[in-house]
Structures are given as C-alpha cells and as structure tokens.
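Subject: Structure handover

Hello,

Please find the structure below. My notes on it follow.

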Amino acid sequence: MRCEEVQERLSALIDEQLSQTEREQVLQHLYACEACSREYQELRRFVEFCRQLEAPEPRIDLWREFQPMLAEIIAEQRLPFAQRLRRQWSRLVSQVCYGIILFLQVVTYQLTITLSRYIVEPERPAYGRSAQG
Ligand SMILES: [Zn+2]
C-alpha cells in the first residue's frame with residue numbers, strides 16, 4: 001500500500017471501519033513508514049481531542065461553529081504546499097484589505113474631528129441656555 005492510500009484510510013482505521021485485510025495492510029505500513037505513522041499519531045490525538053470536547057454538554061454551541069473552521073484548517077494542512085501557499089496568500093490579501101479599510105475609517109474619523117474645528121456651525125437658538133452662553 002502506498003503512503004497516500006494509507007493516509008486516506010487513517011480515519012477509517014481510527015473509527016474501526018476497515019476490513020480485517022485492509023486494517024492489517026495499513027498497520028503493516030504504519031510500522032514501516034515513519035511519515036504515515038506520525039500522521040496517524042497526530043490524527044489520533046486530534047480525534048481524541050475532539051471526543052473530549054464533545055463529551056461535556058455544550059452550553060453555547062460554539063463547537064458547531066468551530067468544527068467546520070477546524071476541519072478547514074486541517075484539510076488545508078493536508079494540501080500540497082503550492083496550493084496551501086496560494087490560499088494563505090489570498091487570505092493575507094483579504095486581511096490586508098480589511099486592514100486598509102479599517103485604517104481609512106480611522107483616518108476619516110480623525111480627519112472629520114480635525115476639520116470640524118474649522119467648520120463654523122450656523123448659530124442655533126440656545127434652548128434653556130442664556131443667549132451669551
Ligand atoms: Zn507511508
């Protein structure tokens with residue numbers, strides 16, 4: 001079995017959904033292959049972590065929102081390097097755009113405050129105040 005094939009079956013192995021033969025093949029590969037073995041350990045640790053999270057009753061259903069994000073992060077980590085880089089790049093670009101928008105808003109706000117000193121407001125009738133105030 002090739003590494004790819006083994007890695008595709010790792011979660012099935014953890015969930016005990018492999019046939020006896022497949023299971024043996026995967027385990028044999030894991031004994032021999034350090035990379036897959038590491039992958040397996042990580043996945044297992046993650047699954048255990050998830051089970052621990054699932055165990056207590058969720059007071060606020062954060063998990064439901066959190067899980068897809070986590071799944072996305074993990075899926076992304078399995079992508080080939082170039083693809084991952086491209087995704088990270090596009091995310092960076094959108095974050096930079098948000099940053100620019102935020103920055104412009106702050107600048108505009110500051111500018112409004114600064115300029116408002118120079119704007120002479122039309123005189124309004126002074127309700128409840130003395131005319132000289
Ligand atoms: Zn392998």
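What should the 16 residues of helix 4 span at 1.5 Å a residue, and how far apart are its end C-alpha atoms? The expected span is 22 Å and the end C-alpha atoms are 22 Å apart, which agrees; the expected span is 1.5 Å times one less than the number of residues. Helices here are DSSP runs (H or I, at least four residues), numbered from the N terminus.

This is a predicted model, in which local features need pLDDT of at least 70, side-chain atom pairs count only at pLDDT 80 or more, and totals for chains, interfaces and linings use all residues. Residues are numbered from 1 along each chain as its sequence is written.

Confidence: pLDDT is the predictor's confidence in each residue, from 0 to 100. Its mean over the protein chain is 84, with 86% of residues at 70 or more. Helix 2 (residues 20–32) has the highest confidence, at a mean of 95, and helix 4 (residues 62–77) the lowest, at 80.

Burial: a residue is buried if 20 or more other C-beta atoms, placed from the backbone, lie within 10 Å of its own, exposed if 12 or fewer, and partly exposed in between. In helix 4 the number of buried residues is 0, so this helix lies largely in the open.

Helix 1 (residues 3–14) has Val6, Arg9 and Leu10 buried. Seen down the helix axis, the buried residues fall within an arc of 150 degrees (taken from the directions from the axis to the C-beta atoms), so they line one face of helix 1. The face turned away from that side carries the exposed Glu4 and Glu8. After helix 1 comes Glu16, with a positive phi near 55 degrees.

Regards

Notes:
Helix = DSSP H or I, 4+ residues; strand = E, 2+ residues; numbered from the N terminus.
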